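User: I am new to this structure and would like to know how its labels were reached. Please set each value against its cut-off.

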Amino acid sequence: MKRSTFFRFSAPSIFLMTVLMVIPLIMAIWLGMQFITFNNINDPEFVGLKNYVDVLSDGRFWQAARFTTIYTAIVVPLRMVLGLAVALMLDQVSKAVRGVYLSFFLLPFIIVPVVGTLMFKQLFDSSGLVTWVYQTIFDTRLRYNETTVKTLIMLHGVWYVTPFALVTYFAGLQTLPSDLLEAASIDGANWWQKVRGIVLPHLRSLTIFILLVSIMDSYRIFDSIFVLTNNLNPIFKADTLMTYNFATAIQFQRLGKGNAMAVLTVIGIMIVLIPNLIQSYREQMEER
Amino acid sequence: MEKTKNPIAKVAIHLFLIVFTIYSVLPFYWTTMQSFKTFKDANSRTPKFIFTPTWENYQELWLNRVPENGYTILFFILMAVVILICLALFAEFLPWPNWVTYLTVAFGFVAILWGIPEVVETAEFYDYFVNTIIVTVGTVVVSITIGCLAGYSLARYSGYAAVVILIAALGFRALPRLTFILPYYQIGNALNLLDTRFLVILTLVAVNQPFTIWMLRSFFMDIPKDLEESAMVDGANRLTAFRKVIIPIMWPGIISTALFSLLLAYNEFLLVRILTQTNWTLPVAISRYTGGEDPRHLTLAAAAAVSATIPIVIVILFFQKNLVKGLAAGAVKG
């Protein structure tokens with residue numbers, strides 16, 4: 001394909017991404033240097049780096065950063081191990097049954113995140129099923145405090161993204177090198193030896209892919225926490241970077257500071273993102 | 001991998017899978033039960049597993065006033081929907097071209113959505129529902145149209161510019177949404193576009209575009225180049241070759257990508273929450289039921305949650321294979 005044809009075909013898409021992604025990113029850096037609220041939205045006041053300093057010296061921002069990190073560190077490995085385990089089990093059952101199981105497993109993934117959170121909340125409500133089971137077993141009331149709320153958030157985090165890891169791993173299992181597996185069977189390798197020796201190495205690149213996507217997704221977790229704790233975050237200390245950013249910009253109406261915070265979170269994700277981008281760049285250059 | 005022959009292992013595997021099924025479905029099951037309970041049953045401390053189901057919550061959610069001949073109206077609406085779905089399914093066997101049937105069916109659905117408020121007094125939730133459909137369909141159509149053109153050219157052009165665009169798109173896809181949405185708010189405010197569907201659709205298309213072009217590109221890469229090249233030797237230009245030769249065999253890939261666009265648009269909360277004040281979509285409308293202390297919100301929220309889930313479940317039931325294939329394609333190649 002000629003260069004001119006390429007640009008003619010991709011023009012609408014490139015134009016849209018430039019206007020609505022590149023320009024906003026530059027705008028965000030600029031807006032982060034202004035003092036803006038909803039009152040002076042058309043007539044902002046330039047304050048230089050004050051907003052950035054403000055964010056970096058804000059205790060609640062660092063608390064949010066800490067909880068986001070903890071959330072990611074706990075939820076991501078759980079998701080992946082559970083996803084792989086279920087994928088391996090699913091691989092063992094017959095094709096007809098698989099489809100049925102898969103339909104159920106996909107449910108948490110396709111449900112609107114806000115709705116999924118709400119359903120989770122119903123289970124743990126004062127009249128919810130889990131609350132009742134908990135109270136019958138332990139004979140104490142299930143109280144909402146920092147620990148229970150954070151546990152609830154993480155449980156939901158595992159619940160709704162595991163299907164993604166599961167289906168991805170399952171797809172990977174369908175492309176296993178069958179000659180290697182047969183050779184291993186002839187040598188008398190048992191199931192676990194085959195998993196360790198053949199399956200896990202085969203899934204390596206897939207694991208890195210799921211890991212990166214999961215880290216980036218948990219880094220920007222917003223919907224579920226916003227719905228679960230709403231305005232009670234100062235009590236439960238369950239703010240994440242995104243919910244605190246939202247609160248700053250929209251609820252406290254400090255748009256300038258909110259933009260500054262958004263820019264700083266971008267710098268944060270770069271640690272994970274840049275090695276990934278370099279890797280993809282190399283792959284694409286080789287491929288062409 | 002080959003399957004185990006050990007009967008105990010087999011039972012253990014099924015047991016494990018069944019437990020995981022329960023874990024996946026339990027919140028959905030419980031919420032559905034709650035949505036059919038009266039307010040008193042739903043709030044009882046010991047859960048009621050046996051109760052008289054009631055439509056009250058759904059009626060309160062969807063209707064301002066319950067019509068006297070409600071069941072007759074419901075019957076006619078369902079009949080119309082079933083007929084339209086059957087028409088779409090049997091389009092192949094009808095004497096006229098397929099697109100005529102699909103267009104008729106689409107118009108039929110629009111007519112039904114438009115007609116319902118004329119017959120019964122619908123509540124706000126219905127408006128949010130219609131709004132969600134408009135926003136979702138708009139986003140999918142625009143995303144896929146411009147995404148197909150870009151994805152195709154990215155798959156066929158091997159110059160340096162294509163690599164740069166792909167990598168930039170990958171980077172943008174990973175960035176936190178607020179970095180874009182807060183400037184969108186500013187732009188929308190300056191252009192007086194806040195609270196319009198136009199702005200919501202346009203920005204949703206933009207934030208989903210990186211994902212869309214990567215996925216469509218991976219599907220286009222699977223199609224051999226010879227196909228359009230032979231068409232172009234016969235005198236067709238590239239755009240005609242693309243439309244007449246490539247698109248017809250790309251349908252499965254397009255449907256997979258469209259499903260993901262649909263989920264992304266239907267699920268979006270943050271963007272819609274910030275850019276609109278009244279033209280809400282369902283996720284924002286539903287989030288209203290979670291904050292308040294009013295215990296009556298419990299059953300209404302349950303009914304709203306189930307109502308928002310059913311359309312998506314129906315769509316996925318039809319296209320589950322495409323969804324799984326899309327996930328696999330994105331994973332293996334992206």
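User: Why is Gln253(A) called partly exposed?

Analyst: The model is predicted, and the label rests on a computed area. Gln253(A) has a relative accessible area of 30%. Buried means under 20% and exposed means over 50%, with partly exposed in between, so at 30% Gln253(A) is partly exposed.

User: Where is Gln253(A) found, and what is its phi?

Analyst: Gln253(A) sits in the loop between α13 and α14 (255-287) of chain A. Its phi is near 60°, a positive value in a residue other than glycine. The position is just after α13(A).

User: What makes α13(A) largely enclosed by the rest of the structure?

Analyst: Helix α13 covers residues 241-251 of chain A, and 10 of its 11 residues are buried, so the helix is largely enclosed. Buried here means under 20% relative accessible area. The buried residues of α13(A) include Leu241(A), Met242(A), Tyr244(A), Phe246(A) and Ile250(A). Thr243(A), Asn245(A), Ala247(A), Thr248(A) and Ala249(A) are also among them.

User: Why does Asp139(A) count as exposed?

Analyst: The relative accessibility of Asp139(A) is 68%. Exposed means over 50%, so Asp139(A) counts as exposed. Asp139(A) is placed in the loop between α6 (129-138) and α7 (146-173) of chain A. Its phi is positive, about 60°, although Asp139(A) is not a glycine.

User: How do you know whether Arg238(B) is buried or exposed?

Analyst: Arg238(B) has a relative accessible area of 16%. The cut-off for buried is under 20%, so Arg238(B) is buried. Arg238(B) lies in helix α11 (residues 238-267) of chain B.

User: Which residues does Arg238(B) touch?

Analyst: Leaving out residues up to four places away in sequence, Arg238(B) touches Met1(A), Thr5(A) and Phe9(A) in chain A, and Tyr152(B), Glu228(B) and Met232(B) in chain B. To touch, here, is to have heavy atoms within 4.5 Å.

User: Why are α3(A) and α9(A) called roughly perpendicular?

Analyst: Two packed helices are described by the angle between their axes and the distance between the axes. Helix α3 (residues 59-92) and helix α9 (residues 191-202) of chain A pack at about 115°, with their axes 14 Å apart. Angles of 65 to 115 degrees count as roughly perpendicular, so α3(A) and α9(A) are given that label. In this pair, α3(A) passes α9(A) in a right-handed crossing.

User: Which residues make the contact, and what are their classes?

Analyst: From α3(A) come Leu84(A), Leu88(A) and Gln92(A), and from α9(A) come Trp191(A), Val195(A), Val199(A) and Leu200(A). By class, the contact has six nonpolar, one polar and no charged residues. Leu, Trp and Val count as nonpolar. Gln belongs to the polar class.

User: What makes α6(B) and α9(B) oblique to each other?

Analyst: Helix α6 (residues 124-156) and helix α9 (residues 197-221) of chain B pack at an angle of about 40°, with their axes 6 Å apart. Roughly parallel needs an angle under 35 degrees, and roughly perpendicular needs 65 to 115. An angle of about 40° fits neither range, nor the one over 145 for roughly antiparallel, so α6(B) and α9(B) are oblique. Their crossing is right-handed. By class, their contact has 18 nonpolar, nine polar and three charged residues.

User: How many helices and strands does each chain have?

Analyst: Chain A has 14 helices and two strands. Chain B has 14 helices and zero strands.

User: What part of each chain is buried?

Analyst: Of the 288 residues of chain A, 53% count as buried. For chain B, with 334 residues, the value is 52%. In both cases the cut-off is under 20% relative accessible area.

User: What area does each chain expose, and what box do its C-alpha atoms fill?

Analyst: Chain A exposes about 13100 Å², of which carbon and sulfur atoms supply 65%. Its C-alpha atoms fill a box of roughly 75 × 70 × 30 Å along the principal axes. Chain B exposes about 16100 Å², with 69% supplied by carbon and sulfur atoms. The box for the C-alpha atoms of chain B is roughly 70 × 65 × 50 Å.

How values were computed. Residues are numbered from 1 along each chain as its sequence is written. Chains are lettered from A and ligands numbered from 1 in the order in which they are written. This is a predicted model: local features need pLDDT of at least 70, side-chain atom pairs count only at pLDDT 80 or more; totals for chains, interfaces and linings use all residues. Side-chain values use heavy atoms; hydrogens and water are left out. Axes are lines fitted to C-alpha atoms, for helices over the stretch in contact, and angles run from 0 to 180 degrees between N-to-C directions. Helices (H or I, at least four residues) and strands (E, at least two) are DSSP runs, numbered from the N terminus. A crossing is left-handed if the near helix is turned anticlockwise from the far one by less than a right angle, and right-handed if clockwise. Buried means under 20% relative accessible area, exposed over 50%, partly exposed in between (1.4 Å probe, protein chains only). Accessible areas come from the Shrake-Rupley method with a 1.4 Å probe; for residues, only the protein chains shown count as cover.
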